[in-house]
Each structure stands twice: as C-alpha cells, then as structure tokens.
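Ready to get to know a new structure by working through a few exercises? Have a look at it first, then try each task before you read the solution.

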Amino acid sequence: MIVDPDLRYRIHDLYAAYAACLDDARYGEWPEFFTEDAWYRVVPRENYDRDLPLSTLSLKGKAMMKDRIYGVESTIFHAPYYQRHLIGLPLIDQHKDGIVKVEANYFVTRTKRDSLAEIYSVGKYLDEITIRDNDLKFARKFCVFDNDIVANSMIYPI
Amino acid sequence: MIVDPDLRYRIHDLYAAYAACLDDARYGEWPEFFTEDAWYRVVPRENYDRDLPLSTLSLKGKAMMKDRIYGVESTIFHAPYYQRHLIGLPLIDQHKDGIVKVEANYFVTRTKRDSLAEIYSVGKYLDEITIRDNDLKFARKFCVFDNDIVANSMIYPI
Amino acid sequence: MIVDPDLRYRIHDLYAAYAACLDDARYGEWPEFFTEDAWYRVVPRENYDRDLPLSTLSLKGKAMMKDRIYGVESTIFHAPYYQRHLIGLPLIDQHKDGIVKVEANYFVTRTKRDSLAEIYSVGKYLDEITIRDNDLKFARKFCVFDNDIVANSMIYPI
C-alpha cells in the first residue's frame, strides 16, 4: 500500500517531536505519545531475535509509564545525564485497518556533566502507530538495541 | 499552522546543503547560508538553559562570519580534521510573518588524519529562517551542544 | 531541475530499505539494490579527493557483489558484529536522462558481542540511481569515508 504523503509528514513530525521531548528532558510529556494500553519495551537485539521475553524495560499501559517517569524524576538515585537522539528515515507500512507499522534506526548519545558525548544506545524502533481523531499515538514501541552491554544503567526512556 | 509541503522539502534541502558545505570543507560558501545581520552562536546547553550569555562562538552579521572563515583558512594554527554532520528530521514551526523556526538535532564527528572517527559535538540547532525572493537564509542559528567539554579546540563551524 | 515529490519519497524509502537490509544482516538481498553492471566502491576520502584509484573495496557488477556476499557468509573468517546505519537527508540531483545523483552522509556503528557500540565508519554516499520499470536501483554507489583507519577489518558492506 502506498503511503499517503500527508501521513508521511506526520510520522516524520511524530518522531522529531518524540526525540525533542526526551532530549529536552520533558519526561512528564513522554507517556502522552502512547495509547492507554500501549506496550513500551527496550530489549537487546539478541533476545528479540531469539524471541526471548526478557527485556531491559517493559512497560504495559500508560499507568506504568507514568510510574516509571515518577521514578526517574523523584525516586531513582542516579547521576544525571543528557540524551540526544538521531532517528533515521522511517520505513512506513500503512495498513488498511488504521494501524501503521514503522521501523526506524536510532542512535542515542549520553553526555554526563563535564564530559564528552558518548554513544549510549544504537538500535531500531519497531513501532505500531494508531490514528484516532486525527491524532497519532504509539500503540507499541519496541526499542531493539544492538549493544548487549549498557553503560552503567539506563534511567531515561530511549 | 500546517507546514506547506514545498517548504518542508526546501528546509530538508537547506539542511542537507548546509551539512555538505561544511563537510566538504567549502568554508568560503558557509556565510552565504545566512542573512546579512544573522546571528550564529555555538553555546553549551548548560549556559543556554540558564540564559547565560557566554558562548563558545558568537558571530553577529555576515562580516564576522567571513572574518572567522578567514581565520580558519589562513591564520588559526591547528591540526586539520574532517567533520561529518548528521542532522535529524527537523521540527518546523511556520509563522505567518515569513519567519520559520526550525529545531533539529545534530551529531558531528571529527576525524583527524590517520585516526578513527570520534563523536565531536552533539546538540540541537535552534534556527530562524527567512524567505526572501524565494531564497531561504538563516537569520539566526544557535548550536546548543550537550558536551560541556570540547575535545581540544573548535575550529570549523558546526 | 526541481525534484518530483514522489521521487523524493521513493529515494527516502530506498535509503531506509538499504540500511534495514544491511542492519538486519540480510546480506543475500543486498546485491538486489544494484543494476547488473553497477559499481560499488568503498574508498577513503583522501584517495577519493586526490582521484587515486585505490579502494578498500571495489566491486564491479552484481556477480562480484554476490561473490563478496558468499565470502562474507561462508568463507571469510571473522568475529561477527552488528552494524547500524544512520543516513542523513539526501541531496537529490534529478537529471532528464533518467539518472538521479544522490549525496547523503552516513554514520555506521559496529557492535561486537558483549560490547558497547562504537563509531565504525563515517562518510558520504555518492550515488547514481537509475529508474527502470518504476524500480530504483543503484548504478553506482561510492562510500567515501573520513576515517583513514578502519577498526580491524571491514567485512560487511557499508
């Protein structure tokens, strides 16, 4: 199915806005990119490829996402760092039933205070987007990352 | 305001051309991306967020930009290095008065001769673009970078 | 010549699909992105700029590409690694004769098992694309990379 140009723009904008939200550390707005019962999962590529369920992070539903953000902002003890996302051109697969599947590569850098930037996570998003009332939301967002080792711990969403 | 598709393409092309100009080391062409009285500023995120004026580089007007390039090409003693830009999908905010605000993440690598490439600067462009006589120019370009520490010195524009 | 919007989308999709093919390690599909007599070349920037013929890899025609992939998958002894591509917004130069010239920056990371990701190759694609029977193929793909030093050896295509 040919991708509608207008949808293409809106998907570009969705990913740009998603990156800006996280990179600006506006974490409170992050759950708003998802549907109520969305599944957000960060999973090593090795596990994903073998269909193993173990994930670095798996949040089902917006309530869990808000809880995670509460943790990030209020209870998890961690050294703060900046994130910066670069997201590649998305591969868009538009279905008739209103679900859009999108695949897009990403690089995320981490920059600790008084430090150089370093490559933190690289992988691809495997996403499902729903369109309701002219609004695009992630119904599923899997971040499948190449690097089996995570530098220290992963605090902020990818 | 909905972004006009044609404008969207032209902004994509502007950023691609900007990156190519710098990465091809065609520094003499770089000031031509700006209006006569444009402000080009490279500023650490920490200072930008706190509204502190100190910048790593702040050039007001094309004349200062040309002077900087003269320095880069003729007077600043430095070990040469290659730059390579990757610029993310731009967030475009089109205003009625002919000003377009654009935000876009960037990664720049530096590669010194006989070396591996390294992450040099990561951050976001906060830009204002004017359209005159069907021509897009930067009236303001702020490069807000995450890495408080700059590896050695910053010679070329970002 | 103004780039046709539909062509622009298709070029975006071509690069996204090219990256996905290599990053998913579907190497057998890689030669299908090229015309029968295409030239694929990976060349250091220093050599390219001086017009020197020496390349890190130079494959002329699909048969050589298939042979390379046979080597990659069956005969070259190497420690496996993941690749991940990010490709910048393409600069498109559409000619009347059906040839499209495209320039696009790229970063490729390499991730060895149980390791962090590292910047592996950065450079630009200098490509020529032909359109036949509504199908886009690379007639020429030059990967001009900045880093004179390649970390270990280069096994997979860039």
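Below are three exercises, each with a worked solution.

This is a predicted model, in which local features need pLDDT of at least 70 and side-chain atom pairs count only at pLDDT 80 or more, while totals for chains, interfaces and linings use all residues. Residues are numbered from 1 along each chain as its sequence is written, chains are lettered from A in the order in which they are written, and side-chain values use heavy atoms, with hydrogens and water left out.

**Exercise 1.** Find out what turn and what shift lay chain A on chain C.

*Solution.* Start by superposing the copies by least squares on the C-alpha atoms of residues with pLDDT of at least 70 in both. A turn of 120° with a shift of 0.0 Å along the axis does the job, and the RMSD is 0.0 Å. So the two copies are related as by a three-fold rotation axis. Now look for the C-alpha of chain A nearest that axis: it belongs to A:Gly88, 4.2 Å away.

**Exercise 2.** Work out which residues of H3(A) are buried, and what they pack against.

*Solution.* First, get the helix itself: H3 of chain A covers residues 62-75, 14 residues in total. (Helices are DSSP runs of H or I with at least four residues, strands are runs of E with at least two, numbered from the N terminus.) From first C-alpha to last, H3 reaches 19 Å, close to the 20 Å expected at 1.5 Å a residue; the expected span is 1.5 Å times one less than the number of residues.

Next, pick out the buried ones (under 20% relative accessible area, 1.4 Å probe, protein chains only). They are A:Lys62, A:Met65, A:Arg68, A:Ile69, A:Gly71 and A:Val72. Last, check their neighbours: these residues pack against strands E1 (34-44) and E2 (57-60) of chain A.

**Exercise 3.** Describe the interface between chain A and chain C, from its area down to one salt bridge.

*Solution.* Begin with the buried area (the accessible area, 1.4 Å probe, that two parts lose on being put together, summed over both). Chains A and C bury about 2,300 Å², with 61% of it on carbon and sulfur atoms. On the chain A side, A:Arg45, A:Leu89 and A:Phe107 supply 29% of the area buried against chain C, more than any other three residues.

Then count salt bridges (a side-chain nitrogen of Lys or Arg within 4 Å of a carboxyl oxygen of Asp or Glu): there are three. A:Asp146 pairs with C:Arg84 in a salt bridge, their closest N and O atoms 2.7 Å apart.

How values were computed: Buried < 20%, exposed > 50% of the residue type's maximum accessible area, 1.4 Å probe, protein only. Contact = heavy atoms within 4.5 Å.
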